[in-house]
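Here's a quick briefing on how two chains meet. Have a look at the structure first, then go through the points below.

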Amino acid sequence: MAKGLDIGTMFLVKSEVDAVVDGVSFTAERNVFLKASNSDDTETTLKENNWSYAKYDNDFYILGEDAIKLKNLLTIKTNSSNENIILTKVSELRRPMKDGILNTGEEKLSMAIIQKLIANLIGKAKPGENLCFCAPGDPVDSNLSVVFHKTMLTNFLKSLGYTVECIPESLAIIFSERPVAEDTNEPDGKAPFSGIAFSFGAGMCNVCFAYKKMPLINFSVAKSGDWIDAEAAKVAGIDVSVMTRFKEKNLDLNKIDVSDMKQAALDIFYQNMIEHALSNFARKFSQLENQIESPLEIVVAGGTASVPGFIEKFNSVLSSQTLPFKVKSVRLAENPLYTVANGCLTKALSSEKNSEKKK
Amino acid sequence: MYIVSNLTTRTVILSDLRVEIGPKKVIDLEQIADRADIDKSHDLRQALSGKRLAITRHSVIKTKKAEPKIVQPAIDEDKLANMIRKVISEEMKSKPAQPASNIEDTVQKAVSNSVGSLMSELRDRINSFQPNLPVNNEPSINPEKLAEISQKSVEKISQSIETNDAKKGTKVKIVNRRLDDLANELM
């Protein structure tokens, strides 16, 4: 009965048990919307095309995947010779979340829309249903605070009737992928749920080092997928949403064509992102009171890490860095887009079993 | 006074001022909040630009902008000249009588030494200057409390949003026989 919810900057992902496939069913929705023009036939057009939309105060907003498709379809790149021509512009994509947390720079309508997207995705709770969602760690390279984000979402999810708990995003990867370290103090010599997890999402990269389920290091850095798209788009001179689409559909980090500006730019910024995350983690690890001697497994997940060739790129950067710990292995999570949601579901199920046991 | 009227048929909430203005009501905000808070209110600006509220009357308060204090330490030319003369005379005493061409080098050296000393003195004077910056006495807002207040206004907006429920996202089903075991292990 339990549910997991990954509230990401780019995607909202719900996870729930699916007895039919003896597994998990994941439902993903784009966390974005686009304001439509306010003409007389707007609503008719939206309905005829079966586009997902919301109506507020006589304004229409296209939601989710339909918003990004329309934006890309209707955006025309103009050159300087067209500057004197007055064009009707397509409005900008609105992101209810930025850098991994609720975008408080946007008006409250944006927060209301993300809550509508979530409510549509997960529905109201059945009696006593557990829900576990994830939140980013405190960022080490910016002043953002995650307290407001966590509190808003917790209160909202509770209002849907759920028993709510929140875990760090990268800890969810540990719960889903179960990395194991050696521990001579254990009867079987193994410490499960012990390792390092990197979640390369759109807004932030979250990093966690856990030992026997306990997070000993947990933080985030602001350089992740969105940063790569923005910087690479500037270099290549194209719209950010076009770069995002290109990255998701065409990029292979093993086969970079350096003559293609888009690929070359993405390759550089991917490398930079991995270096930034690893160096911050190494610094935090060396500050631990008790140093861990046994080699540690690294698990990587997230949409930004899903591009072909990412693990090879990660390994290449890893081997060039001097680290304060030994690496046992590096692996990509089984389903990198859904690992966080899967970890949240695992935790929610575990909490549900605990509650039933207490009864 | 800062009188605003609600032009809509719904309650307008200004959460940063903790004010609710009923449909078609007129209210003097200065009765409820400080003028400084009113001028800084983000929600009020949004409501005015969205034409949900309109200013009926407000008194204009002109504040004198504080003029920036610029530190211009005066270069004491007499002091500089005295320093140069002193260094030159010391140099001349310490060395035997020199031909005319060497005097130029001596003077140049004396000038650069003196200017260096004067520059470091000026730097010390600038660094010791502490401008009187206004102290921010505003209490910081508890983010949890802010979240509670924001949620109330978000809920009001949410109730007025209609969606068409056309699609519920992309669904993927993945076999995972370890899920139950993992959940048991986490207990």
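Buried area here means the accessible area, taken with a 1.4 Å probe, that two parts lose on being put together, summed over both. Keep in mind that this is a predicted model. By that yardstick, chain B and chain A bury about 4,600 Å² between them.

**The contact as a whole**
- On the residue count, chain A puts 55 residues into the contact and chain B puts in 42.
- Carbon and sulfur atoms account for 55% of the buried area.
- On the chain B side, the residues that lose the most area to chain A are I174(B), L186(B) and M187(B), which together make up 15% of what that side buries.

**Polar and charged links**
- There are 16 residue pairs in polar contact between chain B and chain A, counting pairs with both residues at pLDDT 80 or more.
- Five salt bridges run between the two chains.
- One to look up is K353(A) with D180(B), whose side chains meet in a salt bridge at 3.0 Å, N to O.

**What chain B brings**
- Two or more residues each come from α2 (42-49), α5 (143-159), β6 (162-163), β7 (170-175) and α6 (179-186) of chain B.
- Of these, α5(B) gives the most, with 11 residues.
- The side of chain B that touches chain A is a mix of 15 nonpolar, 13 polar and 14 charged residues.

**Strands pairing across the chains**
- β6(B) pairs with strand β5 (residues 53-56) of chain A, in the antiparallel sense and over two bridges.
- Within β6(B), E162(B) is the bridge partner of K55(A).

Definitions and conventions: Residues are numbered from 1 along each chain as its sequence is written. Chains are lettered from A and ligands numbered from 1 in the order in which they are written. This is a predicted model: local features need pLDDT of at least 70, side-chain atom pairs count only at pLDDT 80 or more; totals for chains, interfaces and linings use all residues. Side-chain values use heavy atoms; hydrogens and water are left out. Contact means heavy atoms within 4.5 Å. A salt bridge is a side-chain nitrogen of Lys or Arg within 4 Å of a carboxyl oxygen of Asp or Glu. A polar contact is a pair of N or O atoms within 3.5 Å; within protein, one must be able to donate a hydrogen and the other to accept it, and residues adjacent in sequence count only if both atoms are side-chain atoms. Helices (H or I, at least four residues) and strands (E, at least two) are DSSP runs, numbered from the N terminus. Ala, Val, Leu, Ile, Met, Phe, Trp, Tyr, Cys and Pro count as nonpolar, Asp, Glu, Lys and Arg as charged, and the others, Gly among them, as polar. Two strands pair if DSSP finds at least two bridges between them.
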